[in-house]
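Work through the exercises below with the sequence and the coordinates at hand. Each task is followed by a solution in steps.

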Amino acid sequence: MAAVVDVMVGRLLSLWRTPALRLYFPGIFVLLTVLGSVLKELELVPETYFSSRRNLLNLYFVKVSWGWTLLLLTPFILLSNSSFSRSASFLGRRLLSLAVATSVWYICTETFFYIEDVTGSCFETASMEVINSEFTTKAACRRAGFHWWGYDISGHSFILSYSTLFIVEEMAPMASVKTAGLSPLLRLVLNLLYVALNLIVTLWVWMFACTSVYFHDVVQKWLGTTFGLLGWYLTYRVWYLKPLSPGLPPQRHPKEKKQHA
């Protein structure tokens with residue numbers, strides 16, 4: 001099994017070493033938002049299993065996507081970053097990236113919920129003909145069995161784009177990890193986590209595409225995607241370059257990697 005996983009890891013690392021992929025990867029979400037919105041507006045894509053909000057991938061993965069992200073990334077960051085330094089302060093600072101990302105996720109999603117509440121109303125039927133003024137929040141309205149309509153910024157567009165870019169950034173140290181210092185078991189665990197994270201990235205991109213094609217209007221998806229891209233850019237391309245930050249994921253200089261080869 002370990003040999004098979006090693007081969008998979010090697011191929012994935014080769015894929016992510018492609019300069020064009022790393023450079024243009026964030027643009028995938030812009031492209032998918034544009035193409036998906038056009039296809040939706042023109043009604044060119046037929047209804048499928050993924051056009052239902054009750055599909056299993058949405059219920060058991062996307063709905064709890066941040067949980068999956070933290071579950072896989074936390075041990076991966078600890079194992080991969082410990083190859084560079086086992087200092088408690090270094091590892092603690094790197095784990096702060098999880099806290100920062102969780103804060104971005106929480107603030108944005110709560111803001112979306114708030115906007116939907118303050119701009120919405122509770123309707124007694126799906127046809128939205130009779131307003132029930134007793135319920136002033138989406139949660140209370142739906143608990144009562146009614147229908148809420150408000151301005152719904154696409155939380156899926158946000159969380160799937162942001163989570164994917166976050167994972168890709170934090171997977172980068174794998175290309176420079178010195179596995180010689182790890183026991184066979186820890187090496188296997190690290191490799192399995194890396195493969196799992198790549199699978200999650202693939203799933204998130206696929207579900208983002210499904211969201212673009214089947215749900216929300218153009219502006220709602222654009223806003224959600226913009227928040228996702230901004231959350232990533234302002235941390236990994238701006239703040240994390242500063243001294244007082246969790247810092248970027250570590251990678252060895254090419255000359256240093258040759259010395260350890």
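**Exercise 1: A charged pair in the interior**

Lys138 is buried, as is Glu116. The model is a predicted one.

Task: State how Lys138 and Glu116 are paired and where each residue lies.

Solution.
- Step 1. Lys138 and Glu116 form a salt bridge, with their closest N and O atoms 3.2 Å apart.
- Step 2. Lys138 belongs to helix H7 (residues 138-143) and Glu116 to helix H6, so that distant parts of the chain, 22 residues apart, are linked.
- Step 3. In general, side chains of opposite charge can pair when their charged atoms come close.

**Exercise 2: Two salt bridges of helix H8**

Task: Find the partners of Glu170 and Glu169, and decide for each of the four residues whether it is buried or partly exposed.

Solution.
- Step 1. The whole structure contains 4 salt bridges. One of them joins Glu170 to Arg94, with 2.8 Å between the closest N and O atoms.
- Step 2. Glu170 sits in helix H8 and Arg94 in helix H6 (residues 88-118); the pair links distant parts of the chain, 76 residues apart.
- Step 3. Buried means under 20% relative accessible area. Glu170 has a relative accessible area of 0% and is therefore buried. Arg94, with 1%, is therefore buried too.
- Step 4. Glu169 forms a salt bridge with Arg237, the closest N and O atoms being 3.0 Å apart.
- Step 5. Because Glu169 lies in helix H8 and Arg237 in helix H10 (residues 218-238), this pair ties together parts that are 68 residues apart in sequence.
- Step 6. Glu169 counts as buried because its relative accessibility is 9%. Arg237 is partly exposed, its relative accessible area being 34%.

**Exercise 3: Surroundings of Trp204**

Task: Locate Trp204, determine whether it is buried or exposed, and list its contacts beyond four places in sequence.

Solution.
- Step 1. Trp204 is part of helix H9 (residues 184-214).
- Step 2. Its relative accessible area is 0%, so Trp204 is buried.
- Step 3. Leaving out residues up to four places away in sequence, Trp204 touches Phe61, Val62, Ser65, Trp68, Thr69, Leu160, Ser163, Thr164 and Ile167.
- Step 4. Take Ser163 from that list: this residue lies in helix H8 (residues 155-171) and is buried at 0% relative accessibility. Beyond its neighbours within four places, Ser163 is in contact with Trp66, Thr69 and Trp204.
- Step 5. The C-alpha atoms of Trp204 and Leu57 are 9.8 Å apart, although 147 residues separate the two along the chain.

**Exercise 4: Surface patches**

Task: Which residues make the nonpolar surface patch, and which gather in the patch of positive charge?

Solution.
- Step 1. Val30, Val34, Val38, Leu42, Leu44 and Trp222 make a nonpolar surface patch of about 490 Å².
- Step 2. Helix H3 supplies the largest share of the nonpolar patch, 3 residues. Val30 lies in H3 and is partly exposed, with a relative accessible area of 30%.
- Step 3. The positive patch on the surface gathers Arg53, Arg54, Lys63 and Arg142. Arg53 is in the loop between helix H3 (27-41) and helix H4 (56-62).

**Exercise 5: The chain as a whole**

Task: How many helices and strands are there, and what percentage of the residues is buried?

Solution.
- Step 1. The protein chain has 11 helices and 2 strands, in the order α-α-α-α-α-α-β-α-β-α-α-α-α.
- Step 2. Of its 261 residues, 43% count as buried.

Methods. Residues numbered from 1 in each chain as written. Predicted model: local features only at pLDDT ≥ 70, side-chain atom pairs only at ≥ 80, totals over all residues. Heavy atoms only, no water. Patch = residues over 30% accessible without salt bridge, like charges linked within 9 Å, V, L, I, M, F, W, Y side chains within 5 Å. Areas by Shrake-Rupley, 256 points an atom, 1.4 Å probe, with all protein chains shown as cover. Salt bridge = Lys/Arg side-chain N within 4 Å of Asp/Glu carboxyl O. Lys, Arg positive; Asp, Glu negative; His and termini not counted. Charge placed at Lys NZ, Arg CZ, Asp CG, Glu CD. Helix = DSSP H or I, 4+ residues; strand = E, 2+ residues; numbered from the N terminus. Buried < 20%, exposed > 50% of the residue type's maximum accessible area, 1.4 Å probe, protein only. Contact = heavy atoms within 4.5 Å.
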